[in-house]
Every structure is written in C-alpha cells, then in structure tokens.
Amino acid sequence: MDKSNLNYEKRIELSKEDGLVIVDMQYDFMPGGALAVEEGDHIIQGINTVAKKFHNKSASIILTQDWHPKNHLSFASNHPGKKPGDEYQTETIGPILWPDHCVPGTKGAEFHKDLQTVLAHAIIRKGYNPKIDSYSGFLENDKKSETGLAGLLRSLKIKKIFICGLALDYCCFWTAMDGLDFGFKVYLLADLTKGIDDPPGNVVKSLEIMSKNGVKFANVNSFI
Ligand code: VGL
Ligand code: ZN
C-alpha cells in the first residue's frame, strides 16, 4: 500500500465540529534541517489552502510543535558512542535515536515562515520532558502523559480531526492512532504529509496500520 492506492474521501463538508491538526511544521524537519524530511516544504502551500477552508467554516486549527531540551534522551548526542539512526529502545525513547532537533531558542524549533500560523487557535508543544519522547500530539511515549490536545478538542466540541504535517510515519502516525483511542474520527490528509521512512518500509507499514485501525484518508481536494 502506498499513497496512490488509498481510498480518498470526497466532498467533505466542514463544520465547527472538525479540527485540523497540523503536525510539527518546523525548520528542523524541512530540507536543510537537522532531521530533514524529503520535500517537507512542498506541503506548506497545500496546508495553507486547507487551513483557509477550515477557517472559513469556523472549524478549528491546532498546531503541534516538537520541543526538546538540549539534554533530551532521544538525541544520539546524549548517549556516548551512539549516532543518529542507531537503534535504541526503552519504554519512552526509540526505536531509533535522533540528531539534536527542535531545541527551544534555535531556528530549527520555529515554524516555517510560510506556514499560516495566524489561523491557528492553539499550539500544543510536546517532548519537553528530557526522559520521554513524544511522537503523538496527544500522548507522550510513556502512553500516560497527556499533552492537553484531547482536552482542548473536547472542550471545542470537535468530533473529527484531519491530520497533516511531518512526519507521516512518526508524529502523524502516532497522533492518528491516539486520536482513534481518544474517540475521535480520524482522517489523514495523505498528500499533505511526508515520511522519514526510517527504518525503510516504515511509511507503507504506517499507512497499513492506520487503515486497518480505522483511520480514513482525504486530500487537499476532498473539501467542498
Ligand atoms: C518527529 C522524530 C522525532 C516527527 C519528531 O515530527 O515526526 N520524528 N521527533
Ligand atoms: Zn522530536
């Protein structure tokens, strides 16, 4: 399974019960960044287009922002002898180690300047505990610590979320899976996300798992 043989829902009519969750559109995930996702910058204009549609229908827009202190244990630099990409799995870190990324105060932690952040209702930061990584926008990797996203969406009476951004096989994947667990109807905007694909095959595997578990797919043209 790849993006070309997914079933894309069409003619979705947005309302204020819908939320757009834009994941980690920060410089470190863009080409040239510390944890660059190939063509990560190619989805910015499409995300802005969709964000405008949400805004026009009074649907909410939430941003997530990866946000790690310098001593974060997901960084290979904090494990003597290890390098980015090395396998490393504990209950809260892994399955691989990362280059230093999204450290507050660095350019890499900032949102890409072309992303229309002005339309966003809120920003949810994740991964600030140095001992716990947080791929999901809902739950840190201990699977216990909530970021506040579920509470925010519930208080806004949002029932359905549409996920886009970076990276497909990590933060978008886990946000989608946890979104289901928290009881939301979940869509992945498949043309508005790009994957890391490390380990190789991870993107296809992620799409399969999401599909099997009930995540639906849509794209930039799915909205009326
Ligand atoms: C991400 C790895 C580490 C992501 C964040 O945004 O997908 N991936 N931190
Ligand atoms: Zn991270």
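Student: In this predicted model, is Cys172 buried or exposed?

Tutor: The model is a predicted one, and the cut-off that matters here is that a residue is buried when its relative accessible area is under 20%. Cys172 has 0% relative accessibility, so the residue counts as buried.

Student: How many disulfides are there?

Tutor: A disulfide is a covalent bond between the sulfur atoms of two cysteines, and the rule applied here asks for a pair of cysteine sulfur atoms within 2.5 Å. For Cys172, the closest cysteine sulfur belongs to Cys164 and lies 7.2 Å away, which is too far for a bond. By this rule the number of disulfides is zero.

Student: In what order do the elements of the protein chain run from the N terminus?

Tutor: The protein chain holds four helices and six strands. Read from the N terminus on, their order is β-α-β-β-α-β-α-β-α-β.

Student: What radius of gyration does the protein chain have, and why does the value agree with a compact globule?

Tutor: For a compact globule of 224 residues one would have a radius of gyration near 17 Å, and the value of the protein chain agrees with this. The C-alpha trace, taken along its principal axes, spans about 55 × 35 × 35 Å. The radius of gyration of the protein chain is 16 Å.

Student: Among contacts between residues at least 6 apart in sequence, what percentage join residues at least 24 apart?

Tutor: Buried residues make up 52% of the 224 residues in the protein chain. As for the contacts between residues at least 6 apart in sequence, the share that joins residues at least 24 apart is 75%.

Student: Where is the residue that follows Leu166 in a cis peptide bond?

Tutor: Most residues other than glycine have a negative phi, and most peptide bonds are trans. The peptide bond from Leu166 to Ala167 is nevertheless cis, with omega near -10 degrees. Ala167 lies in the loop between strand 4 (160-166) and helix 3 (168-181).

Student: Which loop holds Pro95?

Tutor: Pro95 is joined to Gly94 by a peptide bond that is cis, with omega near 10 degrees. The residue sits in the loop between strand 2 (60-66) and strand 3 (122-126).

Student: Is Asp24 buried or exposed?

Tutor: Asp24 is found in the loop between strand 1 (18-23) and helix 1 (44-56), and although it is not a glycine, Asp24 has a positive phi of about 50 degrees. Its relative accessibility is 0%, so Asp24 counts as buried.

Terms used:
Residues numbered from 1 in each chain as written. Chains lettered and ligands numbered in written order. Predicted model: local features only at pLDDT ≥ 70, side-chain atom pairs only at ≥ 80, totals over all residues. Heavy atoms only, no water. Helix = DSSP H or I, 4+ residues; strand = E, 2+ residues; numbered from the N terminus. Rg over C-alpha atoms; globule rule 2.2 N^0.38 Å. Buried < 20%, exposed > 50% of the residue type's maximum accessible area, 1.4 Å probe, protein only. Contact = heavy atoms within 4.5 Å.
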